[in-house]
Amino acid sequence: MNIIVMGPPGAGKGTQAERLVKEFSLVHISTGDMFRSAIKEGTEMGRKAKEYMDKGALVPDEIVVGIVKERLSKPDCAGGVLLDGFPRTIQQAEALDEVLQDLNITINAVVSVDVEEDELLNRLTGRRVCRNCGTTYHIKFNPPKVRNICDHCGGELYQRDDDTVETVKERLKVYKKQTMPIIDYYQRKGLFLSVDGARSIDDVFADISDHLEKIKGRG
Ligand code: AP5
Ligand code: MG
């Protein structure tokens with residue numbers, strides 16, 4: 001099974017993806033995480049991506065499509081993938097279709113996690129991420145057992161550079177203008193499902209899992 005998880009910044013794409021990839025044995029492909037790794041490694045691509053990310057803007061399509069194409073071509077993706085935060089523009093969605101056709105991969109579902117703007121701001125400004133393994137927490141909604149320490153690996157938690165109120169507002173604008181048009185693109189293909197993301201992490205997960213189980217049953 002191959003799925004796309006979309007939704008505005010802070011809706012819980014990464015949180016749900018962490019669980020879904022375990023439940024359905026999928027490879028997690030998050031373009032945001034790939035850029036953050038490239039920044040950490042100090043690569044040229046990371047340096048370029050950071051210029052856009054720090055402003056809350058999208059990284060140019062040709063860079064994003066290139067890294068996703070390379071990743072999808074690796075053998076481990078044959079068992080199923082979860083795309084988190086990609087595609088984010090119509091151009092990316094069209095480019096993805098071409099890549100998938102070449103690789104003989106079919107998308108089975110596009111799940112959008114939807115949450116109101118005020119709540120997104122609360123979620124993003126309280127988010128903490130493990131510097132070592134990338135696990136995501138929230139200081140109020142999903143706190144680690146020990147303050148600022150990752151439950152899984154003991155790594156230090158940090159706040160993302162783009163999680164300031166100002167940058168989050170810009171990311172939300174960009175989402176509405178550049179990413180929301182892909183909803184229609186996938187609705188036309190009959191793949192789109194919106195889930196109410198303003199519930200507990202467990203409830204949202206149960207909803208998405210039910211939907212995916214039904215699709216698996218059909219396949
Ligand atoms: P990316 O890293 O993808 O960021 P994003 O889309 O803005 O989304 P986030 O990762 O911020 O939020 P999320 O939905 O994953 O929420 P999370 O689960 O962490 O992209 C970053 C940047 O990279 C972009 O701005 C762009 O510059 C660039 N980029 C990436 N992909 C690109 C592309 N395809 N094209 C061009 N540029 C690209 O949850 C958020 C918080 O809420 C956490 O604290 C969590 O614990 C909490 N939480 C989650 N679920 C719940 C719940 N149900 N109840 C309460 N709290 C919850
Ligand atoms: Mg994320």
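A residue is counted as near a molecule if one of its heavy atoms lies within 4 Å of it. In this predicted model, 36 residues surround ligand 1 by that criterion, and the closest are Thr15, Ala57, Arg88, Arg127 and Arg171.

**The surroundings of ligand 1**

The residues of this shell divide into 14 nonpolar, 13 polar and nine charged. Among the polar contacts to the ligand are the three set out below, two of which involve a side chain, while the remaining one is made by the backbone of Arg199.

| Residue | Protein atom | Ligand 1 atom | Distance |
|---|---|---|---|
| Thr15 | polar side-chain atom | oxygen | 2.5 Å |
| Arg88 | side-chain N or O atom | oxygen | 2.3 Å |
| Arg199 | backbone N or O atom | nitrogen | 2.8 Å |

Taken alone, ligand 1 would expose 1000 Å², and the protein buries 96% of that area. The elements that contribute two or more residues to the shell are α1 (13-23), α2 (31-41), α6 and β6, with α2 giving the largest share, namely four residues.

**The five-stranded sheet**

Strands of a sheet pair through backbone hydrogen bonds, either parallel or antiparallel. Five strands of this model form an open sheet with parallel pairing, and their order is β2-β3-β1-β4-β8. Because β2 (27-30) and β8 (192-196) stand at the edges and each has a single partner strand, one side of each is left without a neighbour in the sheet. Neighbouring strands here are turned against each other by 20 degrees on average, when direction is ignored. Within the sheet, strand β1 (residues 3-6) runs parallel to strand β4 (residues 109-114), to which four bridges join it, and Val5 stands opposite Val111 in β4.

**The three-stranded sheet and helix α6**

A further open sheet consists of three strands in the order β6-β5-β7, and its pairing is antiparallel. The edge strands are β6 (136-138) and β7 (157-158), each of which pairs on one side only. Strand β5 (residues 127-130) pairs with β6 over three bridges in the antiparallel sense, and Arg127 stands opposite His138 in β6. Arg127 also connects this sheet with the ligand, since this residue is listed among the closest to ligand 1. Helix α6 (residues 117-125) lies across β5 and β6, and runs at about 40 degrees to β5. Both α6 and β6 reappear among the elements that give two or more residues to the shell around ligand 1.

Technical notes. Residues are numbered from 1 along each chain as its sequence is written. Chains are lettered from A and ligands numbered from 1 in the order in which they are written. This is a predicted model: local features need pLDDT of at least 70, side-chain atom pairs count only at pLDDT 80 or more; totals for chains, interfaces and linings use all residues. Side-chain values use heavy atoms; hydrogens and water are left out. Two strands pair if DSSP finds at least two bridges between them. Contact means heavy atoms within 4.5 Å. Axes are lines fitted to C-alpha atoms, for helices over the stretch in contact, and angles run from 0 to 180 degrees between N-to-C directions. A polar contact is a pair of N or O atoms within 3.5 Å; within protein, one must be able to donate a hydrogen and the other to accept it, and residues adjacent in sequence count only if both atoms are side-chain atoms. Accessible areas come from the Shrake-Rupley method with a 1.4 Å probe; for residues, only the protein chains shown count as cover. Ala, Val, Leu, Ile, Met, Phe, Trp, Tyr, Cys and Pro count as nonpolar, Asp, Glu, Lys and Arg as charged, and the others, Gly among them, as polar.
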